[in-house]
Amino acid sequence: MIVVENKMLLIGGSRSALGLLAVRRACCLSRATHSSPHALEYKPIKKVMVANRGEIAIRVFRACTELGIRTVAVYSEQDTGQMHRQKADEAYLIGKGLPPVAAYLDIPDIIKVAKENDVDAIHPGYGFLSERSDFAQACADVGVRFIGPSPEVVRQMGDKVEARALAIRAGVPVVPGTDGPITCLSEAQEFSKTYGFPIIFKAAYGGGGRGMRVVKEYEELEENYQRAHSEALAAFGNGALFVEKFIERPRHIEVQILGDKYGNVIHLYERDCSIQRRHQKVVEIAPAVQLDPHLRDRLTADSVNLARQVGYENAGTVEFLVDKHGRHYFIEVNSRLQVEHTVTEQITDVDLVHAQLRVCEGRSLPELGLKQDNIRINGFAIQCRVTTEDPARGFQPDTGRLEVFRSGEGMGIRLDSASAFQGAVISPHYDSLLVKVIASGKDLPAAAAKMHRALAEFRVRGVKTNIPFLQNVLSNDQFLYGTVDTQFIDENQELFNLKPVQNRAQKLLHYLGHVMVNGPTTPIPVKAKPSSIDPVIPPIPLGDPPVGFRDVLLREGPEGFAKAVRAHKGLLLMDTTFRDAHQSLLATRVRTHDLKEIAPFVAHNFSNLFSVENWGGATFDVAMRFLCECPWKRLQELRALVPNVPFQMLLRGANAVGYTNYPDNAVFKFCEVAKENGMDIFRVFDSLNYLPNLMLGMEAAGAAGGVVEASISYTGDVSDPMRQKYSLEYYLKLADELVKAGTHILNIKDMAGLLKPDSSRMLIGALRDRFPDMPIHVHTHDTAGAGVAAMLACAEAGADIVDVAVDSMAGMTSQPSMGAIVACTKGTKYNTGISLDNVYDYSEYWEVTRGLYAPFDCTATMKSGNADVYENEIPGGQYTNLHFQAHSMGLGHKFKEVKKSYTEANKLLGDLIKVTPSSKIVGDLAQFMVQNSLTRSEVEERADELSFPLSVVEFLQGHIGIPHGGFPEPFRSKVLKNMPRVEGRPGASLPAMDFQALEKQLRETHGDDISPEDVMSAAMYPKVFQEFKEFTHQFGPVDCLNTRLFLDGPKIAEEFEVELERGKTLHIKALALGDLNRAGQREVFFELNGQLRSVLVKDTVAMKEMHFHPKALKDVRGQVGAPMPGKVVEVKVKQGQVVEKGQPLCVLSAMKMETVVNSPLSGTVVKVYVNADSSLEGDDLILEITE
């Protein structure tokens, strides 16, 4: 603690009471006049200009205000919105028309403003003109005091070579270096020959790391010389350099000095500035840790001696390097206030800016109570420079608008900031410093703990900051308990293992704002709004749910589970409400949020269900693609809520949950990870009933420890003797193979709802006779309306399990009604044991919930089922999707034709089993035929020249397997021509997937927060997963939002809550939507947890430019038009290229269907009118070809 002789001149800024400033200054004047030996030299300062910007300008203004001195700010044209303008009593524009930095280097303009406004002293801050002797002289020339050393001392200290010579004269050790600035590269080459490498270039007329380059070998010399020269020239207006021998692994120690006009010089001890990046300080500490007391004495003595020799006045810093042997070497003197002066103030309780002002007025250090014997070290202080730099990208500066700024505060924390406030714009023109955080404590660990806590309290959104990096530094043991040198950052790469900033609240506001401005992010099939009524969750009993079939599975394993199912009295039900029902009725759009709400009710009231189907199939990619949520998280969360009922998923055999072939190890790994996350039963099917694909899926599910439910996809009609391609014998033989392969349960998958009561009794009865001990499970759809009757017939014929959906989600293209089956079997030997009252409550929840998905509800375009499914055989989910697609493509009035074309397309392809992905192939071909007004005979006739959908081409190549009865000929040969064909099981020839390499790639792209589940998502759907990660990075965890908010956003003045996690709830109110700005953005205002927040959102409609794409003329043979509306995925040719007839030209994509556009003739490409990502309408011109 400093003992101050003059009680009226206490130095600590916090001790100056603003209300008594005038009285104190009067007392000071009186005392100086009557008692000071230097009274004639004392001249009070009335108005101070700071020729600088940002936090240092504000720091000086505050000190001036505390001393009753009026303040003047200057600012560039780019700084009109900066806070330092507002903190001063007056502010004036300088450097009009000049570049941003040049404005603050405009000496004539600064002096002109000072004189015009009666400024009697100028504080230069740091950087800019602070070490320019010509500026100090310009001030003196017009009678304005320069708050710093004399112009001559500034010149001497600013000239690194002269400063070095002065140090040698004062007996201070120096690093070997050039005697003066070098003028050319050859001088640097000569120096390096004499002293060897490494060497370092330094700017002769400035510091701060600019113009500084380390050269470790001769080959780097020329490039680094040029870079150092240009940096110095840009930063200081003079590119002069000098060269020194580079001291490796030194500590960077600097000593704070303070002198007055009367030859008094003191030191305020040292600071350790060794933690640097590219020679720029990042963290500063005072005093230096574990510094030998004798070394401290030598450093401080040398600093004071040097300052006295040159007659140093005001504040300054003498910088040294200390090598590993404890030898110190003079580097330079910074004849100004340093950025890190704050830590010295904290440990000595000396206000350096107050002292600067008083010394400039003519006060002596003893008068100010500043005697060396009175200066004591009290504890430790750390300064962290919080910057808008991204450590993960080499500390690249970030710019933009501060959407959120909340600082850390509390005991032991000091903040020196500038324009750090919500709404501030971080400019690319100046330093990236946002705020200086200073922490004080009794020792270094205590100060570090306070700093770490304060940094953790910061919330900075809108720009990247270095806070995660600083937190890593503060947690480093070497930093806390050892000594660090200038290589600390370079040698501790773990400092760059940055904990991602969650920023969940602000990201969600961005999402909500985006929806309010631009509408839903997921495609909306029909113009309908989500219901405003929220579903009511039925009462749920307290405690754990009752024991269910899953307990049997966990206790007895898959084999014992299958025996228990077969031995069960009564009919078992599988509830498809959580997957296939909403896939069929609501385009698979039901979100985890709504499933989680009702899941506990299911666990408590439907414990005797065989299983709940809730995962796999289309739900996997749709979750990421359209709902922007993780399918694995859905599985994990539902498993926690429903621990007692088995879960069932749909596995597409060798295709897993995708639409393509995967390496065998990918399918095995997927099943393993699914089982680990809570999946129990794997319903394994193949879209063609292709046995090799089925077997692979069964093996993968079995190897994972799951229950294997092998599925036979049903089509045709076994009761119709005229349709014998898929006869009863066909199904029985297939079942023989699956039972031999070891399936635990046999499933009939009637995906189109083709089973009639008679065919049900025939098929199930025959299977029961052949396999008396095998549990039989039947799945169907109710498109024709006969589903309940068919399932009751299956039960009578010996089926153990049938699929149902809760009543409000049943019927039409979904499954038969749960309530109907329960009611019809009540009191019979097929009694399900399920309470109808529970079914009613369950149904009521889904009836209201379904209203939230009105934009996707099939009833918007389809009012009933249709018995024509027995003719067209369209699977339930696809029936709905085709209906939506037909309407979205303007073919709603032609849906009857689409269905007829589906029948014809099926015949063209040889009468296929139709289930994803084979059903999609038939559907793509059907839509292609309708879009191009083609009949079946025309397609067969022109097969060698038409541009078929990609899915059709790949099917004919054999990409999904071999259909029963083989491929259709000659259609296949005409379409494929000389294209390659796949022989045997498609995935068998694929190389194994390298999961370690994939995980490494994902971590490089998305950071270390990559789970095994993420790896599997990327393995199944690489592009979809990439887009999903990009979306969540931008918009955060949108799965926390309720469905109406997710789809439609909030209404103005609406208040709502969002639970991020247990115990963390956001209270949000939508306030207003701003007008369009020049950048095509709208500002959306919210209240978040009682605080105003706003986000800028691009208005995508307003930003679209008018665009008219030329159409292809049908009578011009060489003009190739788009066969359908869509987006260009890939352009395969370029202008001037010679192409052959039938050669692929480009690939279009629309509604998940890709089409390859082939050349209609041989010739040369004259012009290409599209590129990747171009959006096209039908007949838009793609390119022109001349023969």
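Let me start with strand β1, residues 47-50, which is covered on both of its faces: Lys47 and Met49 are buried on one side, and Val48 and Val50 are buried on the other. As a reminder before I go further, what we are looking at is a predicted model. That arrangement fits a general pattern, in that side chains in a regular strand alternate between the two faces of the sheet.

Now to the neighbours of this strand. With strand β2, residues 70-75, β1 pairs in the parallel sense, over four bridges, and within that pairing lysine 47 has arginine 70 of β2 as its bridge partner. To get from β1 to β2 the chain passes through helix α2, residues 54-66, and the β-α-β crossover formed in this way is right-handed. β1 also pairs with strand β4, residues 121-123, again in the parallel sense, this time over three bridges, and there valine 50 stands opposite histidine 123 of β4.

Let me turn to a second region, a pair of helices further along the chain. Helix α26, residues 728-740, and helix α27, residues 757-770, have axes that come within 10 Å and cross at roughly 40°, and the crossing of α26 past α27 is right-handed. On the α26 side, the contact is made by Leu728, Tyr731, Leu732, Ala735 and Asp736, while α27 contributes Met762, Leu763, Ala766, Leu767 and Arg770. What is the make-up of this contact between α26 and α27, counted as nonpolar, polar and charged residues? Eight of its residues are nonpolar and two are charged, with no polar ones.

Terms used
Residues are numbered from 1 along each chain as its sequence is written. This is a predicted model: local features need pLDDT of at least 70, side-chain atom pairs count only at pLDDT 80 or more; totals for chains, interfaces and linings use all residues. Side-chain values use heavy atoms; hydrogens and water are left out. Buried means under 20% relative accessible area, exposed over 50%, partly exposed in between (1.4 Å probe, protein chains only). Helices (H or I, at least four residues) and strands (E, at least two) are DSSP runs, numbered from the N terminus. Two strands pair if DSSP finds at least two bridges between them. A crossover is right-handed if, with the strands pointing away from the viewer, the path from the first strand over the helix to the second runs clockwise. Axes are lines fitted to C-alpha atoms, for helices over the stretch in contact, and angles run from 0 to 180 degrees between N-to-C directions. A crossing is left-handed if the near helix is turned anticlockwise from the far one by less than a right angle, and right-handed if clockwise. Contact means heavy atoms within 4.5 Å. Ala, Val, Leu, Ile, Met, Phe, Trp, Tyr, Cys and Pro count as nonpolar, Asp, Glu, Lys and Arg as charged, and the others, Gly among them, as polar.
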